[in-house]
Amino acid sequence: MSSPWLTLVGIGEDGVLAPGGREALASADVVYGGARHLALAGDFTAEQRTWPSPFATVFTDLEALRSRQVAVLATGDPMWFGFGSSLVQRFDPQDMTVLPSPSAFQLAASRMSWPLQDCECLSVHGRPVDLLRCALYPGARLLVLTSGPETPRQVADLLADEGYGRTRITVLEHLGGEKERRTSGTAEDWSGEVAAFHTLALDVTANPGTRLRARVPGLSDDSFRHDGKMTKQDIRAVTLGELKPHPGALLWDVGAGCGSVAIEWLRAANRTRAIGLEPHAERRKMAAENAIALGVPHLELVDATAPEGLDGLDRPDAVFIGGGLTAPGVIDTSLDALHTGGRLVANAVTLESEAVLLAAYEKHGGSLKKLSIHRASPVGGLTGWRPLMPVTQWSLEKS
């Protein structure tokens with residue numbers, strides 16, 4: 001077993017290093033960090049290197065230093081939306097020692113007197129602020145890492161657009177340092193100018209009449225822009241129940257249309273991914289717009305049809321086939337790609353597609369059911385039931 005040669009050292013805005021950090025710098029041959037971090041860390045004898053440009057080359061630089069002792073300075077806890085999460089994807093954990101300082105989330109929660117376990121900790125640093133749309137509900141307390149001084153205005157505009165203009169925004173600048181400052185206001189009248197280095201605390205309050213968008217699958221159909229060809233609300237809820245989204249899982253959405261199933265999958269659990277195959281440009285555009293509006297801008301959309309378009313994609317944990325069932329090989333290709341324990345769900349509304357599902361059920365087993373929804377609507381001066389098109393659904397867990 002190799003001994004660690006790479007040490008991540010958390011540092012606070014006050015220059016205080018994580019426990020063991022001073023010893024790590026003293027024994028290092030090379031120390032990486034931002035110019036601000038290196039200045040805060042004070043005196044040490046190791047060679048100092050600031051982050052390269054482009055930043056991605058730092059991983060090659062670090063690999064070349066494997067025979068030496070290297071320390072990396074990072075703000076707060078490097079493993080909480082920090083540089084450590086990138087390093088562990090490229091280096092063996094046995095190569096690394098991590099020394100965390102208090103995170104920005106911990107400091108922000110303490111300043112706000114908010115129990116940290118009751119807060120949702122998010123980052124829009126280098127990420128779209130639209131990710132916040134998925135986290136909004138009345139009474140939510142959000143702690144948010146940001147990209148710069150323009151972020152609070154962007155967040156305020158987003159909150160007002162979503163019907164949460166009464167939300168109280170608190171900007172916590174330079175937490176733990178001599179320049180620490182606090183600025184507060186509501187989203188609807190936000191006008192503060194803030195420092196680039198800050199953390200946001202959002203005490204989310206809904207305006208009267210704001211409609212809640214729950215993360216439980218089954219958003220109303222009018223939550224999506226669509227052309228009428230979509231998996232409707234009730235069927236979608238059943239479909240997601242069979243797909244069983246869980247944190248970190250990947251979905252293939254074959255025939256994604258307006259993206260409703262993939263979007264609900266992404267909203268249902270943290271760190272999920274979804275790849276939607278959709279050959280029609282207008283529907284891909286609708287799906288992309290819906291994903292942004294519903295807080296999951298990371299939906300991946302591919303201009304392709306199945307089964308050919310499935311080649312080369314990351315292996316899925318679940319597959320939903322909502323279109324293209326009659327194309328030869330779609331079901332077999334999807335089943336072959338699934339991990340053991342993965343789920344395949346396919347919906348059919350035409351007799352031809354239903355025949356494909358019946359054949360798949362006879363060959364592979366699984367569960368086959370007919371879903372029928374009736375909705376009340378006016379009939380003259382009275383009310384009656386109007387049926388939606390019935391849907392045949394086949395689902396299977398790969399063994």
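The paragraphs below go through a sheet, a pair of helices and a pocket. The model is predicted, so that local features need pLDDT of at least 70 and side-chain atom pairs count only at pLDDT 80 or more, while totals for chains, interfaces and linings use all residues. Residues are numbered from 1 along each chain as its sequence is written, and side-chain values use heavy atoms, with hydrogens and water left out.

Five strands (DSSP runs of E, at least two residues, numbered from the N terminus) form an open sheet in the order S3-S2-S4-S1-S5 with parallel pairing, where pairing requires at least two DSSP bridges between two strands. Strand S3 (47-50) and strand S5 (96-99) are at the edges with a single partner strand each, so one side of each has no neighbour in the sheet. Strand S2 (residues 30-33) and strand S4 (residues 70-75) run parallel and are joined by three bridges, and Val30 has Val70 as its bridge partner in S4.

Helices are DSSP runs of H or I with at least four residues. The axes of helix H10 (residues 330-337) and helix H11 (residues 351-364), which are lines fitted to C-alpha atoms over the stretch in contact, with angles from 0 to 180 degrees between N-to-C directions, come within 11 Å and cross at roughly 45°. H10 and H11 are therefore oblique to each other, a class left for angles that are not under 35 degrees, over 145 or 65 to 115. In the contact (heavy atoms within 4.5 Å), Ile331, Asp332 and Leu335 of H10 meet Val356, Leu357, Ala360, Lys363 and His364 of H11.
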